[in-house]
Amino acid sequence: MLDPAMWLKRVLLVLLQPAFFVCAISASAEMPVPGEPAQAPATVDMAVKRVSEHVYYVEGTAGVATDNEGFISNAGFVVTGAGVVVFDALGTPALGELLLEKIRNVTDQPVVRIIVSHYHADHIYGLQVFEALDAEILAPDGAEDYLGSDNARERLEERRFTLDPWVNENTRLVYPDRYLDEGTIFRLGDVEFIVTVIGSAHSDGDLTLYVAPDRVLFSGDVIFEGRIPFLGDANTKHWLKVLERMEKEKLVALVPGHGAAANNPDEAIALTRRYLAYLRDTMRAAVEDFVPFSEAYAEIDWSEFEELPAFEAANRRNAYQVYLSLEAEMLGR
Ligand SMILES: [Zn+2]
C-alpha cells in the first residue's frame with residue numbers, strides 16, 4: 001500500500017514535469033500488450049569499439065541525461081571462451097536491447113554476467129534486458145541504499161516522461177543477484193576478472209572491473225583522469241592496491257563511465273595513485289603524531305596537486321575523510 005503522503009508527492013512530482021502535459025495524452029496508449037515490444041526501439045548510432053583481444057565498449061555522447069535518447073553513458077562487454085561479461089547496462093531498456101544486438105553481432109555466446117559499476121539511472125535501466133536472459137547481476141554494496149530510496153522511484157517516474165517512449169510503464173528497477181562488499185576475482189574461459197569495490201565515492205557504492213589478460217580497466221564514474229577525484233567514503237586502501245597493480249602492469253586502456261577511453265591510461269592511473277598515496281602518507285603521519293586535522297592540513301605541501309581541476313572543491317574533504325579512516329584503521333575498527 002502506498003501511503004497518502006507518498007502518493008501526493010508522486011502526483012505532484014509528475015504534474016510538475018513540463019513534459020507531463022505533452023505526454024499525458026499518449027500515456028494511456030502505452031499499456032503493455034503481450035507479444036509487443038516493451039518499449040520503442042532506440043534509433044541512435046551505437047558504434048562498437050574494440051579495445052583489446054576480449055574487450056569492447058560503446059560510448060554515449062556527452063550531454064544531459066535525456067539527450068541522445070538517454071545514450072549518454074558507456075557500457076562494455078568482454079567476450080571470453082565461455083560466455084560474455086557485460087559492464088553496465090545503459091540508461092534505457094531500449095538502449096539495453098540495442099547493446100545486446102551489438103553483442104550478438106560480435107558473438108553467439110551467452111551473456112552470463114553483468115557487473116554494474118554503480119546504481120545511477122543512466123547506467124541501469126537496460127538491466128532488465130539482461131535479467132531476462134538469466135545473466136547474473138553483480139553490484140557494489142550501497143546499491144541497496146539507492147534501490148531503497150525515494151530518489152530511485154522518483155527518478156524512474158521522471159524518466160518515464162522525459163525519456164518516453166524508450167522508458168515507460170514497462171521499465172523497472174532491477175535488483176542485483178548479489179551485492180559485493182569487497183572485491184572479487186573470477187575467471188570465465190581464459191579471462192581473469194578483478195572486481196574492486198571502492199565504496200561510496202561517486203555514488204552510494206562504486207566498483208571497477210579490471211580485465212587482467214588484456215590490461216583494460218572499466219572505471220565506471222570513479223574519476224581517474226586529469227583531476228582530483230571526490231573520495232566520499234571510498235576505501236582508499238583497496239583503491240590504492242589496485243592502482244599499484246595497474247601501474248606495474250601498464251594499462252592498455254581505461255574505459256570511463258562517460259566519454260572516450262583515456263588517451264594515456266598510465267598517466268591517469270599514476271596521478272590518482274600518487275594522490276591517494278600522498279593523502280594516506282601525510283594523514284597517517286598526522287594521526288600517528290596526534291596532530292589535529294586542521295593543523296596538519298595547513299602544514300602539508302599540496303603544490304603537486306593544487307593546480308588540478310576540482311582541487312578546491314574536493315581536497316580538504318578528501319583529506320579529512322582519509323584522516324578519519326586512518327584513525328579508524330589504527331584503532332582496528
Ligand atoms: Zn554516470
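Let's start at Pro165, which sits in the loop between H7 and strand S7, residues 178-180. What is the peptide bond from Asp164 to Pro165, cis or trans? It's cis, with omega near 10 degrees. Keep in mind that this is a predicted model, so everything I show you is computed from predicted coordinates.

Right before that loop comes H7 itself, residues 150-162. I checked its length: 13 residues at 1.5 Å a residue should span 18 Å, and the end C-alpha atoms are 18 Å apart, so the helix agrees with expectation. Within H7, the buried residues are Glu158, Arg159, Arg160 and Phe161. Yes, that list includes Glu158, Arg159 and Arg160, and they do count as buried here.

Okay, zooming out for a second. The protein chain has 11 helices and 13 strands. Of its 333 residues, 42% are buried. And if you take the contacts with a separation of 6 or more, 67% of them come from residues 24 or more positions apart.

Now, the helices toward the end of the chain. Take H8, residues 236-249, and H9. Their axes come within 9 Å and cross at roughly 140 degrees. That angle makes H8 oblique to H9, because roughly antiparallel needs over 145. As for handedness, H8 passes H9 in a left-handed crossing. Who touches whom? On the H8 side you have Thr236, Trp239, Leu240, Leu243, Glu244, Met246 and Glu247, and they meet Ile269, Ala270, Thr272, Arg273, Leu276, Ala277, Leu279 and Arg280 in H9. Sort the residues of that contact and you get 9 nonpolar, 2 polar and 4 charged.

H9, residues 265-288, also packs on H11, residues 311-330. There the angle is about 55 degrees and the axes are 9 Å apart. So H9 is oblique to H11 as well. This crossing, though, is right-handed. From H9 the contact uses Leu279, Arg280, Met283, Arg284, Ala286 and Val287; from H11 it's Asn318, Ala319, Val322, Tyr323, Leu326, Glu327 and Met330. The split for this one is 9 nonpolar, 1 polar and 3 charged. If you're following on the structure, look at Leu279 and Arg280: they turn up in the contact with H8 and again in the one with H11.

Let's stay on H11. Does its length work out, or is it off? With 20 residues at 1.5 Å each, H11 should span 28 Å, and its end C-alpha atoms are 27 Å apart, which agrees. Its buried residues are Ala314, Asn315, Asn318, Ala319, Gln321, Val322, Tyr323, Ser325 and Leu326. What do they pack against? Strand S12, residues 233-234, plus H8, H9 and H10.

Both ends of H11 have something for the backbone fans. In the loop between H10, residues 293-299, and H11 you find Ala310. Ala310 has a positive phi of about 75 degrees, although it isn't a glycine. It counts as partly exposed, because it has 15 C-beta neighbours inside 10 Å. And following H11 there's Gly332, again with a positive phi, near 70 degrees.

There's another positive phi in a residue other than glycine, at Leu90, near 70 degrees. Leu90 lies in the loop between strand S4, residues 83-87, and H3. Is Leu90 buried or exposed? Buried, because 29 C-beta neighbours fall inside 10 Å and the cut-off is 20.

Leu90 also brings us to Gly96, in H3, residues 93-106. Gly96 is in contact with Leu90, and, leaving aside neighbours within four places in sequence, also with Ala89, Gly126, Leu127, Gln128, Val129 and Phe130. Take Phe130: it's 34 residues away from Gly96 in sequence, yet the C-alpha atoms are 7.7 Å apart. Gly96 is buried too, since 28 other C-beta atoms lie within 10 Å.

Last stop, Asp141, in the loop between strand S6, residues 136-140, and helix H6, residues 143-147. Asp141 is partly exposed, because it has 16 other C-beta atoms within 10 Å. Beyond four places in sequence, Asp141 is in contact with Tyr179, Leu180, Asp181, Val197 and Gly205. And Asp206, 65 residues away along the chain, has its C-alpha 8.0 Å from that of Asp141.

Notes:
Residues numbered from 1 in each chain as written. Predicted model: local features only at pLDDT ≥ 70, side-chain atom pairs only at ≥ 80, totals over all residues. Helix = DSSP H or I, 4+ residues; strand = E, 2+ residues; numbered from the N terminus. Buried ≥ 20, exposed ≤ 12 C-beta atoms within 10 Å, placed from the backbone. Contact = placed C-beta atoms within 7 Å. Expected span 1.5 Å × (residues − 1). Axes fitted to C-alpha atoms, helices over the stretch in contact; angles between N-to-C directions. Parallel < 35°, antiparallel > 145°, perpendicular 65-115°, else oblique. Left-handed = near helix turned anticlockwise from the far one by under 90°. Nonpolar A, V, L, I, M, F, W, Y, C, P; charged D, E, K, R; others polar.
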